[in-house]
Amino acid sequence: MTAPDPRLTGPERTPAPVPPPDDIERRRLVSGLNRRRALQLGGLGLLGLAIGAPGWGPSAGLALAAESLSEPETLRSANGLLRVRLEVAETSVTLAGRPAHVLTYNGTVPGPTLRLRPGDRLHVELVNRLSDPTNLHTHGLHVSPRGNADNTLDVHVQPGESFHYDIQLPDDHPPGPFWYHPHEHHLTADQIWRGLYGGIVVEDAGPEVPVTRDRVLVVSDTTLDDDGHPVQVSEWQRMEGREGELVLVNGQLTPTLEARPGERERWRIINTCTSRFLRLRLDGHKVDLLATDIGRLAEPRRVDEVEVLNSGRVDVLVTVGERTGELQGLANPRTRGGDGPSGAPGALATLRVGGSPVPALPPVPAYPQLPDLREVQPAARRTMVLGLDRAGGGHEDHGDGHGSGGMVMTIDGRPFDHARTDVVTRLGTVEEWTYVNHTGMDHPMHLHVWPMQVVAIDGRPVEGVVYQDVVRVSAGGETTVRIPFEDFDGRTVFHCHINDHEDAGMMAVVEARTG
Ligand code: C2O
Ligand code: CU
Ligand code: CU
């Protein structure tokens, strides 16, 4: 109890608050429960069981009798329009192979996958059957934040009510995997944790990438209690960013994907976890990266591992090798100090290889390179400081039971206020923003509507043209991005996508104005 918790403090911040002893005790209790639950699950007919190190994350290697991968229902646009009704309700489903009582879009976890083309119009009737407000955000889409489009600031759908969203994709919208989720301040983390997320795919506009199969893999995590309800998390877990014991792919524990040797599959991997950072590996098969978030690469790039921050996506091509292999989740620590969260979840899925080899497919056509904003003179350079304060220390306590372990999370010293506009930019300009992290935890920073080109990390220039809509800002470090404020004016937000941090105030308002 002498050393300050490194998560709470960065190099410039002293003195560091020390977590109260009861939090540490509670954390030990949670670890104990994890082990007990793993043992119970073992008694429920699971085949393999290995108990990992105590603490965060699932006990490694809970292997379930092989279940083949299922995909959520796909809803496709026709003649430039996708009209969808999404009903949000508490529902009983099968999750991780057991009965669960969760929140769903149209009765499934994940919700239906929406498939769109550049230039399409997406019309969503969101019906709220919950006892709390909710709303809808189309994460990563380059669309208007105003009116009844991707408007998370003004649209709140009350219990029993519904709302019609009307979202127009520009004709040159970048292709790639995106997703939708609720964005109701103070409730975002809980609602995602309890099951509200679904994939969006924007198809390529150019020549098709020849593949034998196109799959959407929605990764999520949660922890279920003995009755199958997602657990309430402690204040400590909110402070660190909650992580679930169960790491799921399309709602399943280690599902099996079947393929023949030589096949080329396209996997759109979407990390919808509320906090968990992923690092993925698929030994024995060739993996080529096609896109990160909104950033389609000009040429596919061979990789050994890919990182997918929470809320981030990758679009990869998998050329199937000779042998069955596992999609492995490796550790990707996001706090200073050893035993922090985002430990290795272990095998997430099995790629089972069988049958006769198939002939090689034609090469992947080149794709137009996204503009390199390093060649542009920025209209403004700004710094955004990410911080963390004890509640009450100069900030008002919400007094509503929300917050993160008595902590207030801030950008430039202030917690989120929807009525305040923190940053005003001019439409048609490029800005350079540097996120500076004064805490001892990494924060994945996300901006709505406009993509970010990552140009420097901790002062070192980034090679190549890398576009993301969520960027890692390391504990005590800084990340610099360039943002093209193009096409859409209006007010929207940028925030840490550890949803507990966002709910605790690490979010601010940006407005792009014309003229
Ligand atoms: Cu994925 Cu502000 O959201
Ligand atoms: Cu978003
Ligand atoms: Cu954060």
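This is a viewer tour of a predicted model, going from the whole chain to two copper sites, two threonines and a set of salt bridges.

**The whole chain**

Start with the protein chain in cartoon view. You should find four helices and 32 strands. Now colour by burial: of the 515 residues, 59% are buried. Switch on a surface and you are looking at about 19800 Å² of exposed area, with carbon and sulfur atoms supplying 50% of it. If you like contact maps, take the contacts with a separation of 6 or more; residues 24 or more positions apart account for 77% of those.

**First stop: the copper ion, ligand 2**

Select ligand 2, a copper ion, and show the side chains around it. Which protein atoms act as its donors? They are NE2 of H137 and NE2 of H446, lying 1.9 Å from the ion. Trace each histidine back to its strand: H137 sits in β6 (residues 137–139) and H446 in β25 (residues 443–447), so this pair ties together parts that are 309 residues apart in sequence. Are these two histidines buried or exposed? H137 is buried at a relative accessible area of 1%, and H446 is buried too, at 0%.

**Second stop: the copper ion, ligand 3**

Go on to ligand 3, also a copper ion. Its protein donors are H443 through ND1, C496 through SG and H501 through ND1, at 2.0 to 2.2 Å from the ion. Read them off along the chain and you get the spacing H-x52-C-x4-H. Colour by accessibility here as well: C496 is buried, with a relative accessible area of 0%, and H501 is buried, also with 0%.

**Third stop: T492**

Next, pick T492, which has its place in strand β31 (residues 490–496). This threonine is buried, with a relative accessible area of 1%. Draw a distance from its side chain to that of H448, and you should get a polar contact of 3.3 Å. What else does T492 touch, leaving aside its neighbours within four places in sequence? Besides H448, the contacts are P145, T152, L153, V449, W450, A508, V509 and V510. Show those as sticks to see what surrounds this threonine.

**Fourth stop: T223**

Now find T223. Where does this residue lie? T223 is in the loop between β10 (213–222) and α3 (235–240). Being in a loop, T223 may invite a check on burial: this threonine is buried, with a relative accessible area of 7%. Its side chain reaches the backbone nitrogen of E245 at 2.9 Å. Then add W193 to the selection. T223 and W193 are 30 residues apart in sequence, and their C-alpha atoms are 8.5 Å apart in space.

**Fifth stop: salt bridges**

Side chains of opposite charge can pair when their charged atoms come close. How many salt bridges does this structure hold? The count is 38. Here are a few to select.

- **E265 and R213.** Their side chains meet in a salt bridge at 2.4 Å, N to O. The pair links distant parts of the chain, with E265 in strand β13 (residues 264–271) and R213 in strand β10, 52 residues apart. E265 is buried, with a relative accessible area of 0%, whereas R213 is partly exposed at 28%.
- **D283 and R281.** This salt bridge comes in at 2.9 Å, N to O. D283 counts as partly exposed at 47% relative accessibility, and R281 counts as partly exposed at 25%.
- **E307 and R472.** Here the N to O distance is 2.6 Å. E307 lies in strand β17 (residues 305–308) and R472 in strand β29 (residues 470–473), so the pair ties together parts that are 165 residues apart in sequence. E307 is partly exposed at 39% relative accessibility, while R472, at 18%, counts as buried.

Finish by selecting R76, R115, E203, D204, D214, R266, R268, R296 and D315 together: salt bridges that share partners join these residues into one network.

Methods:
Residues are numbered from 1 along each chain as its sequence is written. Chains are lettered from A and ligands numbered from 1 in the order in which they are written. This is a predicted model: local features need pLDDT of at least 70, side-chain atom pairs count only at pLDDT 80 or more; totals for chains, interfaces and linings use all residues. Side-chain values use heavy atoms; hydrogens and water are left out. Donors are N, O and S atoms within 2.8 Å of the metal (3.2 Å for Na, K and Ca); water is not among the atoms, so sites may look incomplete. Helices (H or I, at least four residues) and strands (E, at least two) are DSSP runs, numbered from the N terminus. Buried means under 20% relative accessible area, exposed over 50%, partly exposed in between (1.4 Å probe, protein chains only). A polar contact is a pair of N or O atoms within 3.5 Å; within protein, one must be able to donate a hydrogen and the other to accept it, and residues adjacent in sequence count only if both atoms are side-chain atoms. Contact means heavy atoms within 4.5 Å. Accessible areas come from the Shrake-Rupley method with a 1.4 Å probe; for residues, only the protein chains shown count as cover. A salt bridge is a side-chain nitrogen of Lys or Arg within 4 Å of a carboxyl oxygen of Asp or Glu.
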